[in-house]
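Visitor: Got a minute to walk me through a model? I'd like the voids and a few side chains.

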Amino acid sequence: MRTVGIIAEYNPFHNGHAYQIRKAKELTNADYCVVVMSGDFVQRGAPALMDKYLRTECALRNGADLVLELPVCFALSSAETFARGAITLLDRLGIVDAVCFGSECGDINVLRDFAKELLCETPVFKETLAREMREGHTYPQARNTALEASAPHLTAHTTILTSPNNILGIEYCKAILSCDSKIVPYTIKRAGASYHDNSLETTFCSALAIRESLRQAGASDGLAKQIPAVSLKLMEDAYLKSYPVFSDDLSLLIQYSLLSKEDSGFTDYPDIDRELSDRILKFLPKYRDFRSFCDQLKSKNRTYARISRSLLHILLDIRREDIERYRKEDTIFYARMLGFRESASPLLTALKKSAGIPLLSKLADAEKQLAPTGLSMLEKDIYASHVYQGVVRYKFPDDDPLSEINEYKKPIVKI
């Protein structure tokens, strides 16, 4: 039995994602596909457009066999930490032979070469990176310059580092190397629109294009060409009932969270130093909404995504010490199931025998299965989901008097 892993957000699921699942199975000769997916918050520092259960069902109905949740502390992190958490989770399952991801370059050998250089961090690399950061460049800019100085043989390929999927692919390769994992990486050349393209008039549009179209009335006609029919039906049924959710739907929650913690500052949270903490306090009286506040806070060496992730860390109370403790004590402590195909029962049987971490199918059993650190990580996931569900409830009021916000009662998706 061969199994391929995919790391995804499916925010939302579209034709390009269905194509990737099919090609991943073909390329690796896999019998099953395991997806590690971000939950209700995603890596760019935003709430997911739709909840993780709807996205899970879309994935399962388009070829995925098992969907696991990437813990929120990794889902809301830099590309490096995001990749490390996801690859470690796949590795700990004990059954994943390969991981397959999309990239703009489509050349796994080049991505691996970059990964090796970034992992070893020669003295020249470190010195150049530190100098560039002191001069006020963003980390991505400083890293590119440092690579040009330390690995001139890769200079011809440095444009690879300007594309988001290439960067993530390199981080996946780095994580595999640093974990000494036997998982083999494969890449599929990204087809259709670029990551930042917001046009629907392409063979495979970007997830950004779909999100932006859903901000507008009457966008469904264009979406019908970009989303698999079975997923489109699920989305149509849930539209204006449980989604779409956008960053500014969190605006008041973010403001309250900042106001309630302003006396102690914000340096306890990841990626927030004294300078950024002071900047948050300076601009807080002018706060209007989440997105405009991120725009106010971003600077030459701090990107919008980094700022938005930092604000969500504050909202969800994900602290620097939490991340350090998780990393120190083994990174990943459980695999939480969001959904599976019943036809994949041999996969689940093999997983239960081979996994080096507990497979969580019922949250009620977690306390018996997890040590305190793992339980702490899971509690962050549950809290994040409850915050998200609260936003959904407020935006789309439910007339059912018996409905409640309770992650413990959410059933696993089975098809």
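Guide: We'll take cavities, then a pocket, then three residues. This is a predicted model, where local features need pLDDT of at least 70, side-chain atom pairs count only at pLDDT 80 or more, and totals for chains, interfaces and linings use all residues. Residues are numbered from 1 along each chain as its sequence is written, and side-chain values use heavy atoms, with hydrogens and water left out.

Visitor: How many cavities of 30 Å³ or more are there?

Guide: Two. A cavity here is a set of points, on a 1 Å grid over the protein atoms alone, where a 1.4 Å probe fits but cannot get out. A volume is the space filled by probe spheres set on the points, with grid points joined across faces, edges and corners.

Visitor: How much space lies in the largest cavity?

Guide: About 50 Å³.

Visitor: What lines the largest cavity?

Guide: Gly39, Asp40, Phe41, Glu69, Leu70, Pro71, Val72, Ala75, Asp381, Ala384 and Ser385. Lining residues have an atom within 4 Å of a point. Strand S5 (66-70), helix H3 (72-75) and H19 each give two or more residues. H19 has the largest share, with three. Helices (H or I, at least four residues) and strands (E, at least two) are DSSP runs, numbered from the N terminus.

Visitor: And the chemistry of that lining?

Guide: Six nonpolar, two polar and three charged. Ala, Val, Leu, Ile, Met, Phe, Trp, Tyr, Cys and Pro count as nonpolar; Asp, Glu, Lys and Arg count as charged; the others, Gly among them, count as polar.

Visitor: What volume does the second largest cavity have?

Guide: About 30 Å³. Leu118, Arg143, Leu161, Ile167, Ile170 and Glu171 line it. Helix H8 (residues 164-178) gives the most, with three residues. The lining has four nonpolar residues, no polar ones and two charged.

Visitor: Pockets now. What's the volume of the second largest pocket?

Guide: About 340 Å³. A pocket is an open set of points with protein on both sides within 12 Å along at least five of seven lines. This one is lined by 17 residues, with Gln389, Val392, Arg393, Glu404 and Lys410 nearest its centre. Helix H19 (residues 372-395) gives the most, four residues. Eight of the lining residues are charged, five nonpolar and four polar.

Visitor: Switching to Thr187. Buried or exposed?

Guide: Thr187 has a relative accessible area of 12%, so it counts as buried. The classes are buried under 20%, exposed over 50% and partly exposed in between, using a 1.4 Å probe and protein chains only. Thr187 sits in strand S7 (residues 184-189).

Visitor: Which side chain makes a polar contact with the side chain of Thr187?

Guide: That of Ser103, at 2.7 Å. A polar atom of the Thr187 side chain also lies 2.9 Å from the backbone oxygen of Phe101. Polar contacts are pairs of N or O atoms within 3.5 Å; within protein, one must be able to donate a hydrogen and the other to accept it, and residues adjacent in sequence count only if both atoms are side-chain atoms.

Visitor: What about Arg92?

Guide: Arg92 is in helix H4 (residues 79-92). Its relative accessible area is 22%, so Arg92 is partly exposed. Its side chain reaches the backbone oxygen of Asp330 at 2.9 Å. Beyond four places in sequence, Arg92 touches Asp330, Ile332, Ala355, Gly356 and Ile357 (heavy atoms within 4.5 Å).

Visitor: And Arg306?

Guide: Arg306 is in helix H15 (residues 304-316). At 23% relative accessibility, Arg306 is partly exposed. Not counting residues up to four places away in sequence, Arg306 touches Asp271 and Asn301.
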